[in-house]
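Work through the following exercises with the structure in view. Each one sets a task and then solves it step by step.

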2 protein chains.
Amino acid sequence: MISSTVAEQLRRIAGKENVFTEPEDLTCYSYDSTHLSALPDVVVAPLTTAEISEIVKLANAERIPVIPRGGGTCLSGGTIPTDGGIILALHRMNKILEIDQDNLTATVQPGVITATFHQAVEKEGLFYPPDPQSMLMSTIGGNVAENAGGPRGVKYGVTKDYVLGLEVVTPTGGILRVGGKTIKNVSGYDLMRLFAGSEGTLGIITEITVRLVPLPEAKRTLLAMFDTLDDAAAAVSSIIKHRIIPTTLELMDHKIMELIESFKPVGFPMDVEGAILIEVDGSEHDVNKQIDKVAEICAACRSREVKVAKDQAEAAQLWAGRRSAFGALCKSARTVFVEDATVPRSKVPDIVKRIQEIARKYDLVIPILGHTGDGNMHPNILTDERNAEEMKRVDAAIDEMFEAALALGGTLSGEHGIGLIKRKYMPWQFGEEGLDFMRSIKRSVDPNNILNPGKMFLMEKGE
Amino acid sequence: MISSTVAEQLRRIAGKENVFTEPEDLTCYSYDSTHLSALPDVVVAPLTTAEISEIVKLANAERIPVIPRGGGTCLSGGTIPTDGGIILALHRMNKILEIDQDNLTATVQPGVITATFHQAVEKEGLFYPPDPQSMLMSTIGGNVAENAGGPRGVKYGVTKDYVLGLEVVTPTGGILRVGGKTIKNVSGYDLMRLFAGSEGTLGIITEITVRLVPLPEAKRTLLAMFDTLDDAAAAVSSIIKHRIIPTTLELMDHKIMELIESFKPVGFPMDVEGAILIEVDGSEHDVNKQIDKVAEICAACRSREVKVAKDQAEAAQLWAGRRSAFGALCKSARTVFVEDATVPRSKVPDIVKRIQEIARKYDLVIPILGHTGDGNMHPNILTDERNAEEMKRVDAAIDEMFEAALALGGTLSGEHGIGLIKRKYMPWQFGEEGLDFMRSIKRSVDPNNILNPGKMFLMEKGE
């Protein structure tokens, strides 16, 4: 509970119409896209960096947690206010401040919706590749804080690879500008990339400058179908081994395609165990050459059929299907755990086998999809959190999946972040020594632990 | 001076044949590629990470500075042992541990020479783009510590963009592994990119895993000559504005070409004020299309002549010329200041004009070259450090150049790092608030300030 004095000060800073304390308002900001939730004490929707600075100074003085929140699409519990405090709702800071055609950069406020931004830059013949599948609701600020990825990560990398400059409010309320519009920049520690992906624990991102690239001249989509999921996974590895880096390289198992078809039919095949959905982009000439080569590799990997989308409409339909996967999963079960353990690309066939074994061992339904071109798997556990017995099996299965991913040289998260959901696994990946290094950094800049406390790791050893 | 006990312990750890205390040995490790130098107390050449861990633990207990050193090609004074201490010479740790064809990654020890690594991966049809011009002597470890760039940065980015995993010895002697072989990785703070570019102040890099890309099918080189340097600079901006991102896009003024021709003649024209040297790579088809378009843009920017290298031998000759620029500069003057202030790409014509004005104002010879496709300028001041009067003008000119670069939205360093040379300018770019943020991080992980102390910034305010 915050005091009425603090509430009054927040109203003075942000305007009383932008401070919410009613239970129905607090509830709206209590959850993200995981199954977790907790009520904040207050929701504040600031309009300016100066307001955020004042709010953070107040919170730091009063030792009140501050949790920045974009679209609420986080898949790791990153915005859940487990210790109460202030939810900083950034939807009012939603201006595209500049698209700089000469420097191929754009500067935006954190609350800009990712898809809105895509459209704005593409209208200028430019391209911002990061494409988290929640892009219709997610914000650029949230994407930076979580270092969001997406299918196009295979060729184009993730959000962090596009961030050139940030304005950040520090945990003590200072305002820092790091980076800028320059493409090269090695002055001082790379605070920009430290803030990006820090899940709101080191600073509040208030302005973002990103690098844009020329919009590719052409793109084509191919769907390759396989009798076994193993063959499909082997084809993924084979494509990379043949030195082809497609724009996207997605693996889907039978169950995922079945769920998508019953949710939003796009014509995925119902009689195969696995399929890969591939997009290539570049010059017209290169795209045609690449798509032929990919088809050839799929055939060598025993594909049953390879279907090249005949036009952009057909391609768009296939991708809309893929994008509806999360909706389809959520409709099919009360509780869905979307994991994103990531392995070196050559280990995709191994992790697919291990996930299937784990599903059998714990008698669980775990449809598999993933941005497999970069080894970023999304095994999804369909369950019901009210079923305590099944939840025990779910927990054990998740433990085992992460154990398997790490044993294969992988990582806990490719693009969803750690948040609350994967915090307990952090010592498995980094050991206490690695965590202590991170804790030192956190403690040094946020001595009162007010910025998004409890996310990513606890400040003391133990869970 | 270190005590004989410490020297004895170092001999025990690294073997007595790998510990050097004779003046002639110390002198060899007293300098880098700036005009600065200072003698270390001892040089140790370890062979393993375990040895480095032991050395750092000892140094931390005894409060002795430790300065890691690769090829000694640093252009910002990053390896100068200004406070004495231990130079950690990493040339014995020079193994390419693995080139992973399935994952398109390579794992190397820090002492591997950059050019040796290029050759090794290119033999396998793979490509490691970062190409600092000192690549025949620089090491991958040094490149990571300084986040080295090079001409190919325009299209391919800098060293940091290729680092996937690091093994690091922390300032207290712990051994951390961060990242790995996965292409996506958002687990925890991005320590990898914090270590990279931290100039040896946060950890000693002992093993590096980098991402490789497929070797482009084709490349072509073009030299465009201009009557005025302004026209040449305008052409650089126009190429980017036309949404063409060449592999390299180098600007050279008359003076640079003259120096190169008298040092290692490659046929640069002597009757023009400016030239741009461009390489494009990709598929055969795309490369030809791009080179035609670039030629067209140069013509529109009033180029006097555009010469496309007829084969790889002719292209290689032009590039060998460009790479010999530093040698040519060093031969032509006793003291050379190679700066690397970087501006947004659209500001290249402005900074070129400002540098010319500054040269006139302070009556100095400042030949200009630069990786201008990414705004990374290299104005070079030819002088003589024994001439006290001229050195005053040099100092004032450098101050003014950095002031100009920052005023144009630029940064102090695009690829050479801050080291000692640019430390005094850090408050101009970050303010004391930004520096304090960096100091907090440094203090939190290196409480005794033993790792490369005094580089990048001082721990207390002031110079």
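**Exercise 1. Find the operation that superposes chain A on chain B.**
Solution. Superposing the copies by least squares on the C-alpha atoms of residues with pLDDT of at least 70 in both, one finds a rotation of 180° with 0.0 Å of shift along its axis, at an RMSD of 0.0 Å. That is the relation of a two-fold axis. As a next step, consider the interface, where contact means heavy atoms within 4.5 Å: 100% of the interface residues of chain A are also interface residues in chain B, so the copies meet through the same surface.

This is a predicted model, in which local features need pLDDT of at least 70, side-chain atom pairs count only at pLDDT 80 or more, and totals for chains, interfaces and linings use all residues. Residues are numbered from 1 along each chain as its sequence is written, chains are lettered from A and ligands numbered from 1 in the order in which they are written, and side-chain values use heavy atoms, with hydrogens and water left out.

**Exercise 2. Describe the fold of chain A in terms of helices and strands.**
Solution. Counting DSSP runs (helices H or I, at least four residues; strands E, at least two), chain A has 15 helices and 18 strands. Its radius of gyration, taken over C-alpha atoms, is 22 Å, close to the 23 Å that the globule rule gives for 463 residues, so chain A is as compact as a globular protein of that length; the rule is 2.2 Å times the number of residues to the power 0.38.

**Exercise 3. State how much of chain A is buried.**
Solution. With buried meaning under 20% relative accessible area (1.4 Å probe, protein chains only), 65% of the 463 residues of chain A qualify.

Key
Buried means under 20% relative accessible area, exposed over 50%, partly exposed in between (1.4 Å probe, protein chains only).
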